[in-house]
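Student: Please take one exposed position as the starting point for a close look, and then set out in one connected account how the elements around it and beyond it are arranged.

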Amino acid sequence: MRRVVSLVPSLTEAVAVSAPGLLAGVTDWCTHPADLGGAARIGGTKNPDVEAIVRLRPDLVIANEEENRAPDLAALRAAGVEVLVTEVRGLPQAFRELDRVLVGALGLARPGWLADAERAWARVEPAGPLDAFVPVWRRPWMVLGRDTFAGDLLGRLGVRNVYAGHPERYPRVPVEELAAAGCDLVVLPDEPYRFTADDGPEAFPGIPAALVSGRHLTWYGPSLAEAPAVLAGALRAAR
């Protein structure tokens with residue numbers, strides 16, 4: 001494998017850390033690691049420049065079924081580009097998909113950080129039990145619902161997402177309903193919406209707020225190795 005385009009920030013980091021120099025193109029949202037070796041920027045995850053990607057002549061484009069749009073991936077395939085689409089709804093699936101991309105598709109040796117991440121999550125110490133809701137957007141308010149990677153990670157840390165049984169994966173819920181949900185905690189990540197100490201907690205008076213790293217909560221890549229400690233520390237600090 002010579003040239004790879006990544007349409008997923010966490011997979012960009014996984015490839016860049018494991019095999020520097022493979023990445024020919026990345027999205028505008030790919031921020032880690034800081035030095036991506038001069039890889040071309042090809043637009044956003046939801047609006048990539050398909051023609052620019054084709055001009056890069058990649059051997060493989062790496063995508064995700066949730067982060068990237070099916071019409072864009074179909075257009076790349078129609079142009080003769082090989083596209084690998086990942087699906088990640090929980091931690092075990094994340095480990096399998098990282099193996100499939102890095103070892104299976106790219107032919108790399110299994111990276112040490114992946115084994116470190118597996119060990120870190122195998123010995124995780126829950127910070128709960130805690131009932132919580134997890135906003136991911138405001139205006140309108142949206143929260144984690146069923147079948148999400150971030151929800152699975154929080155569950156392993158002892159946090160029960162009270163909207164995990166909702167029929168939608170990212171339901172819109174009125175702020176008044178959230179504030180009255182009777183939860184022990186509100187978990188506020190800094191992506192995709194950038195919640196901060198001054199933007200988010202004030203909507204839920206009387207409910208402790210855990211401000212957490214979105215990269216450690218939602219990315220499946222090298223950050224997984226330190227995510228248990230980082231997330232558990234944020235959860236404990238909020239109580």
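Tutor: In this predicted model, Arg57 has a relative accessible area of 69%, so the residue counts as exposed, the threshold being over 50%. Arg57 is located in the loop that links helix H2 (50-55) to E4. The backbone at Arg57 deserves attention: phi is positive, about 55°, although the residue is not a glycine.

The loop of Arg57 leads to strand E4, which spans residues 60-64 and pairs with E5 in the parallel sense over 4 bridges. Within that pairing, Ala63 stands opposite Val85 of E5. Both strands belong to an open sheet of 5 strands with parallel pairing, ordered E3-E2-E1-E4-E5. Strand E3 (40-41) and strand E5 (83-86) each have a single partner strand, so they form the edges and leave one side of each without a neighbour in the sheet. Helix H1 (residues 9-18) packs on this sheet and touches strand E1 (4-6), strand E2 (23-26), E4 and E5. The direction of H1 makes about 160° with that of E2. A further helix, H4, lies across E4 and E5 and runs at about 155° to E5. The loop between E2 and E3 contains Pro33, and the peptide bond from His32 to Pro33 is cis, with omega near -10°.

Helix H4 also provides a contact with helix H6. The axes of H4 (residues 91-105) and H6 (residues 149-156) come within 9 Å and cross at roughly 120°. That angle makes H4 oblique to H6. In this contact, Leu91, Pro92 and Ala94 of H4 meet Phe149, Asp152, Leu153 and Arg156 of H6. By class, the residues of the contact comprise 5 nonpolar, no polar and 2 charged.

A second open sheet has 4 strands in the order E9-E6-E10-E11, again with parallel pairing. Its edge strands are E9 and E11, each of which pairs on one side only, and the twist from one strand to the next averages 40°. Strand E6 (residues 130-133) is joined to E9 by 3 bridges, and the two run parallel. Leu130 stands opposite Val159 in E9, while the bridge partner of Asp131 in E9 is Arg160. E6 is also joined to E10, in parallel, by 2 bridges, with Ala132 opposite Leu185 of E10.

Helix H9 lies across E9, E10 and E11, at about 155° to E11. The helix covers residues 227-237, and its buried residues are Ala227, Pro228, Leu231, Ala232, Ala234 and Leu235. Viewed down the axis of H9, these buried residues fall within an arc of 160°, so they line one face of the helix. Ala229 and Ala237, on the other side of H9, are exposed. The buried residues pack against helix H5 (112-122), strand E9 (159-161), strand E10 (185-189), strand E11 (209-212) and helix H8 (214-218).

Several loop positions invite comparison with Arg57. Arg139 lies in the loop between E7 and E8 and likewise has a positive phi in a residue other than glycine, near 60°. At 64% relative accessibility, Arg139 counts as exposed. The peptide bond from Arg139 to Pro140 is cis, with omega near 5°, and Pro140 is found in the loop between strand E7 (135-137) and strand E8 (142-143).

Pro140 is in turn a contact of Arg172: leaving aside neighbours within four places in sequence, Arg172 is in contact with Pro140, Trp141 and Met142. Arg172 itself sits in the loop between E9 and helix H7 (175-179) and is exposed, with a relative accessible area of 61%. The C-alpha atoms of Arg172 and Trp137 are separated by 9.0 Å, with these positions 35 residues apart along the chain numbering.

The loop between E10 and E11 holds Pro205, which is exposed at a relative accessible area of 66%. Pro205 and Ala179 are 26 residues apart along the chain, and their C-alpha atoms are separated by 7.7 Å.

Conventions:
Residues numbered from 1 in each chain as written. Predicted model: local features only at pLDDT ≥ 70, side-chain atom pairs only at ≥ 80, totals over all residues. Heavy atoms only, no water. Buried < 20%, exposed > 50% of the residue type's maximum accessible area, 1.4 Å probe, protein only. Arc of directions from axis to C-beta. Contact = heavy atoms within 4.5 Å. Axes fitted to C-alpha atoms, helices over the stretch in contact; angles between N-to-C directions. Parallel < 35°, antiparallel > 145°, perpendicular 65-115°, else oblique. Nonpolar A, V, L, I, M, F, W, Y, C, P; charged D, E, K, R; others polar. Pairing = 2+ DSSP bridges.
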